[in-house]
Amino acid sequence: MQITWSQIILIFLASCLIGAESILDEFQIHRPILACPIIGWILNDLKTGIILGGTLEIIALGWMNIGAAVSPDTALASIISTILVVLSKQSIGSGIAIALPLSATGQILTILIRSFTIGLQHLADKTIKKNQNLFFISCIHICGLLLQSMRIAIPTLIIILSMGTEIIQKILNSVPEVVTNGLNIAGGIIVVVGYAMVINMMETKSLMPFFYLGFTIAAFTKFNLVGLGIIGIVLSILYIQLSPKYYIAELNNINKNKKNIKEDELD
């Protein structure tokens with residue numbers, strides 16, 4: 001697949017935004033579930049971007065910066081792995097194989113950039129003490145943000161411009177099939193583990209029978225997602241109407257109102 005200059009420019013701009021977002025955490029577009037589809041859409045292969053993004057998101061579900069600990073970088077891994085997979089028509093397993101070392105590389109780069117921006121913060125402190133030039137202080141903060149943008153955009157641009165599709169194909173084909181197959185299997189297992197973690201955090205014992213019922217209906221019937229959704233809505237309405245914890249409070253209010261009416265009549 002040949003890439004056009006317009007696509008290169010759009011990928012560069014998207015990489016800048018995703019790189020800045022990786023430090024801002026405002027709209028979460030640096031996460032694989034959003035970054036991969038964006039790059040896939042630019043390369044006219046949204047489907048691959050969504051599948052790869054969903055798979056990588058499950059793997060990176062627990063990656064987050066806590067205190068001084070810097071997690072593996074999802075932005076660089078998402079962008080470059082999507083580019084390489086789409087351009088070379090590789091499997092999702094190859095994308096995972098590429099993304100994992102890239103996330104470690106991005107982690108090193110972000111540590112270097114953050115170490116450098118400490119100097120910018122000291123410069124901002126000195127500026128406040130001397131003349132309180134707010135415009136210059138704003139420029140310092142914007143420079144720090146631009147460095148995070150370039151941390152993602154420059155490696156992405158180098159990959160696009162310096163590597164032809166044939167070279168990419170050779171690199172990806174050099175990955176042993178045992179590794180890609182193993183990563184495909186591991187990716188499937190990680191998805192299950194990820195959902196299990198989410199269910200464990202959101203578990204409500206009184207509602208778990210509905211969860212098991214949904215799996216049973218999905219496994220033994222041919223209902224699509226719309227049909228399963230309608231069944232879920234109907235069951236939730238029935239549960240609210242029949243569950244004692246919902247209607248007992250209402251009955252108590254009705255009895256209280258009746259008691260107040262009787263007391264008023266006696267008075």
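The legends below describe close-up views of a predicted model.

**View 1. Helix H10 and its start.** Helix H10 covers residues 225-242, which makes 18 residues, and from its first C-alpha to its last it reaches 25 Å, close to the 26 Å expected at 1.5 Å a residue. At the start of H10, the backbone nitrogen of Val226 has a side-chain oxygen of Asn224 within 3.2 Å.

**View 2. A nonpolar surface patch with Val226 and Leu242.** Five residues, Val226, Ile230, Val234, Leu238 and Leu242, make a nonpolar patch of about 480 Å² on the surface. One of them, Leu242, lies in helix H10, and Leu242 counts as exposed because its relative accessibility is 62%, where the cut-off for exposed is over 50%.

**View 3. An aromatic pair between helices H9 and H10.** The whole structure, when searched, yields three aromatic pairs. One of these is formed by Phe210 and Tyr239, whose rings stand edge-to-face, with 5.4 Å centre to centre and 80° between the planes. Because Phe210 belongs to helix H9 (residues 208-220) and Tyr239 to helix H10, this pair ties together parts that are 29 residues apart in sequence. Phe210 itself counts as partly exposed, at 32% relative accessibility.

**View 4. The aromatic cluster of Phe211, Tyr212 and Phe215.** The ring centres of Phe211 and Tyr212 are 5.8 Å apart and their planes lie at 65°, so this pair is edge-to-face, given that planes over 60 degrees apart count as such. Together with Phe215, Phe211 and Tyr212 form one aromatic cluster. Within this cluster, Phe211 is partly exposed, its relative accessible area being 31%.

Notes. Residues are numbered from 1 along each chain as its sequence is written. This is a predicted model: local features need pLDDT of at least 70, side-chain atom pairs count only at pLDDT 80 or more; totals for chains, interfaces and linings use all residues. Side-chain values use heavy atoms; hydrogens and water are left out. Helices (H or I, at least four residues) and strands (E, at least two) are DSSP runs, numbered from the N terminus. The expected span of a helix is 1.5 Å times one less than its number of residues. A polar contact is a pair of N or O atoms within 3.5 Å; within protein, one must be able to donate a hydrogen and the other to accept it, and residues adjacent in sequence count only if both atoms are side-chain atoms. Patches are made of residues with over 30% relative accessible area and no salt bridge: like charges are joined within 9 Å, nonpolar side chains (Val, Leu, Ile, Met, Phe, Trp, Tyr) within 5 Å. Accessible areas come from the Shrake-Rupley method with a 1.4 Å probe; for residues, only the protein chains shown count as cover. A salt bridge is a side-chain nitrogen of Lys or Arg within 4 Å of a carboxyl oxygen of Asp or Glu. Buried means under 20% relative accessible area, exposed over 50%, partly exposed in between (1.4 Å probe, protein chains only). Rings of Phe, Tyr and Trp (its six-membered ring) pair if their centres lie within 6.5 Å; planes under 30 degrees apart count as stacked, over 60 as edge-to-face and the rest as tilted.
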